[in-house]
Amino acid sequence: MKKTTMKKAAIENIFIWMVLFVGFATLFFFVIDYATVLRVRDNMNAISDYGANYVGVNGIGDDLTTQINAMRSNSIVQLNPSQADTSVICIPNANNQYKVIFITQTTNNSFKFYENKLITSRAVFNQSSSDTITCTLNITLN
């Protein structure tokens, strides 16, 4: 009978399981954070679409705060009164281009794996005048 002199690899097994667990947990939270970024960006696209269409049809002068607060996700902080007032956030440029550009951007970045600001924009045909109207809405993430 041959006697082996090998030690049991208990410490190595524990170390490998710890590395595997940390790797799995990191990947899990990365996927969750990435999905949150995509969901917030999709919601910002919807806000930009709505704002561009609204300004394109109705022109400048209305406050969109109530409508945008109704369509925002929980990841976006509720807008203050008159924060989405089109007479404040929109700048007309009389150049006969007939377009409205609505930009929605974040004021902060609160994601662990994504360190840039999120910016979405939509351009639509201006039906209220021949001006190019550029609107910039700043939102804050939770």
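This is a short walk through one predicted model, covering its salt bridge, its strands, its core and a few single residues.

I'll start with charge. The structure contains one salt bridge. The partners are aspartate 49 and arginine 122, and their closest N and O atoms are 2.6 Å apart. The pair ties together distant parts of the chain, since aspartate 49 belongs to helix α1, residues 10-58, and arginine 122 to strand β3, residues 119-125. Along the sequence they are 73 residues apart. How exposed are the two partners? Aspartate 49 has a relative accessibility of 30% and counts as partly exposed. Arginine 122 is also partly exposed, with a relative accessible area of 30%.

Staying with helix α1, there is phenylalanine 15. Its relative accessibility is 53%, so it counts as exposed, the cut-off being over 50%. Phenylalanine 15 is one of the residues in a nonpolar surface patch; the others are Ile14, Ile16, Trp17, Met18, Val19 and Leu20. Together they have about 790 Å² of accessible area. For background, nonpolar side chains in soluble globular proteins tend to be buried together.

Next, the strands. Strand β4, residues 132-139, pairs with β1, residues 90-93, through four bridges, and the two run antiparallel. Within that pairing, isoleucine 91 has threonine 134 in β4 as its bridge partner. Strand β4 also pairs with β2, residues 99-106, this time in the parallel sense and over eight bridges. Threonine 106 is placed opposite isoleucine 139 of β4.

One residue of β4 to look at is threonine 136. Its relative accessible area is 27%, which means it is partly exposed. What does threonine 136 touch, leaving aside neighbours within four places in sequence? The contacts are Ile89, Ile103 and Gln105. As a distance reference, the C-alpha atoms of threonine 136 and valine 31 are 30 Å apart, with these positions 105 residues apart in sequence.

On strand β2, take phenylalanine 102. Is it buried or exposed? Phenylalanine 102 is buried, because its relative accessible area is 0% and the limit is under 20%. With residues up to four places away set aside, its contacts include Ile47, Ser48, Gly51 and Ala52, and also Thr120, Ser121 and Arg122. That list brings back arginine 122, the salt-bridge partner of aspartate 49. Cys135 and Leu137 are also among the contacts of phenylalanine 102. Its C-alpha atom is separated by 14 Å from that of threonine 65, which is 37 residues away along the chain.

Now the core. The largest nonpolar core has 23 residues, and the members touching the most other members are Ile68, Leu118, Cys135 and Leu137. Two or more residues each come from α1, β2 and β4. Helix α1 gives the largest share, seven residues. Isoleucine 68, for its part, is in contact with Ile47, Leu79, Ala84 and Leu137, again not counting residues up to four places away in sequence.

Last, a loop position. Serine 75 sits in the loop between α2, residues 65-71, and α3, residues 86-89. Serine 75 is buried, because its relative accessible area is 14%. Which residues does serine 75 touch, not counting those up to four places away in sequence? They are Thr36, Arg39 and Val40, together with Thr140, Leu141 and Asn142.

That is the end of the tour.

Technical notes
Residues are numbered from 1 along each chain as its sequence is written. This is a predicted model: local features need pLDDT of at least 70, side-chain atom pairs count only at pLDDT 80 or more; totals for chains, interfaces and linings use all residues. Side-chain values use heavy atoms; hydrogens and water are left out. A salt bridge is a side-chain nitrogen of Lys or Arg within 4 Å of a carboxyl oxygen of Asp or Glu. Buried means under 20% relative accessible area, exposed over 50%, partly exposed in between (1.4 Å probe, protein chains only). Patches are made of residues with over 30% relative accessible area and no salt bridge: like charges are joined within 9 Å, nonpolar side chains (Val, Leu, Ile, Met, Phe, Trp, Tyr) within 5 Å. Accessible areas come from the Shrake-Rupley method with a 1.4 Å probe; for residues, only the protein chains shown count as cover. Two strands pair if DSSP finds at least two bridges between them. Contact means heavy atoms within 4.5 Å. A nonpolar core is a set of buried Ala, Val, Leu, Ile, Met, Phe, Trp, Tyr and Cys residues joined through side-chain atoms within 4.5 Å.
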